[in-house]
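Please open the structure in your viewer and keep the selection panel at hand. The tour below proceeds by selections, with a short account of each.

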Amino acid sequence: CVVTAEARSLDDAALGRQVMEMLDALTWAATEGEVDLETTVVNEFSGYRLASSDPQVRLATAALTRCGVEARAVSTGGGSDTNAFLTNGLASVNLCNDMVDVHTGDERIAIASVEQTVDLVLALIDTACDFR
């Protein structure tokens, strides 16, 4: 039997505690079932927090304003390419695009949202050219 599990947190200490609780539960279950247990813990990405003063946040906020959209910072606890980019020293920010039922068989996005995303990308490029 192979069990794959995942734990996420923006707080490294809380993440460590959660992983230990999961390992403890697996160890207990293996002992009760009188089976051998092998575990491997892999850190696939690290959480992050961005400040409103970070250059990439300022750039994204300016581009959104240029598009007539009010920027709103939201903590998700999710994983994205931004986690890997930041880990590797590449300034980035994750922007939402109005998708519905993400990561399900019903995932979808309205054509108007796709068009708005294109406008945002163009505004990001224009804003980056003016940005200091």
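The stops below take in a helix pair, a surface patch, the salt bridges and two loop residues.

**The helix pair.** The model is a predicted one. Begin by selecting helix H2, residues 55-66, together with H4, which spans residues 111-130. The two helices pack with their axes 8 Å apart and at an angle of about 120 degrees. H2 and H4 are therefore oblique to each other. Their crossing is right-handed.

**The link between H2 and H4.** Keep both helices displayed and add the side chains of arginine 66 and aspartate 130. These residues form a salt bridge, and their closest N and O atoms lie 3.1 Å apart. The pair joins distant parts of the chain, since arginine 66 belongs to helix H2 and aspartate 130 to helix H4, 64 residues apart. Aspartate 130 counts as exposed because its relative accessibility is 51%, where exposed requires a value over 50%. Arginine 66, with a relative accessible area of 46%, is partly exposed.

**The nonpolar patch.** Which residues form a nonpolar patch on the surface? Select Val114, Val118, Val121, Leu122 and Ile125, which together present about 410 Å² of accessible area. Valine 118, one of these residues, is located in helix H4. With 46% relative accessibility, valine 118 counts as partly exposed.

**The other salt bridges.** How many salt bridges are there? The count comes to three, including the pair already visited between arginine 66 and aspartate 130. Select arginine 8 and glutamate 6 next: they form a salt bridge whose closest N and O atoms are 2.3 Å apart. Glutamate 6 is exposed, at a relative accessible area of 52%, whereas arginine 8 is partly exposed at 43% relative accessibility. Then move to arginine 108 and aspartate 101, a salt bridge with its closest N and O atoms 2.8 Å apart. Arginine 108 has 45% relative accessibility and counts as partly exposed.

**Two residues with positive phi.** Most residues other than glycine have a negative phi. Stay on aspartate 101, which lies in the loop between helix H3 (81-87) and H4. Its phi is near 55 degrees, a positive value in a residue other than glycine. Aspartate 101 is partly exposed, at 38% relative accessibility. Finally, select glutamate 34, in the loop between helix H1 (12-32) and H2. Glutamate 34 also has a positive phi, near 55 degrees. Is this residue buried or exposed? Glutamate 34 counts as exposed, with 73% relative accessibility.

Terms used:
Residues are numbered from 1 along each chain as its sequence is written. This is a predicted model: local features need pLDDT of at least 70, side-chain atom pairs count only at pLDDT 80 or more; totals for chains, interfaces and linings use all residues. Side-chain values use heavy atoms; hydrogens and water are left out. Patches are made of residues with over 30% relative accessible area and no salt bridge: like charges are joined within 9 Å, nonpolar side chains (Val, Leu, Ile, Met, Phe, Trp, Tyr) within 5 Å. Accessible areas come from the Shrake-Rupley method with a 1.4 Å probe; for residues, only the protein chains shown count as cover. A salt bridge is a side-chain nitrogen of Lys or Arg within 4 Å of a carboxyl oxygen of Asp or Glu. Helices (H or I, at least four residues) and strands (E, at least two) are DSSP runs, numbered from the N terminus. Buried means under 20% relative accessible area, exposed over 50%, partly exposed in between (1.4 Å probe, protein chains only). Axes are lines fitted to C-alpha atoms, for helices over the stretch in contact, and angles run from 0 to 180 degrees between N-to-C directions. Angles under 35 degrees count as roughly parallel, over 145 as roughly antiparallel, 65 to 115 as roughly perpendicular and the rest as oblique. A crossing is left-handed if the near helix is turned anticlockwise from the far one by less than a right angle, and right-handed if clockwise.
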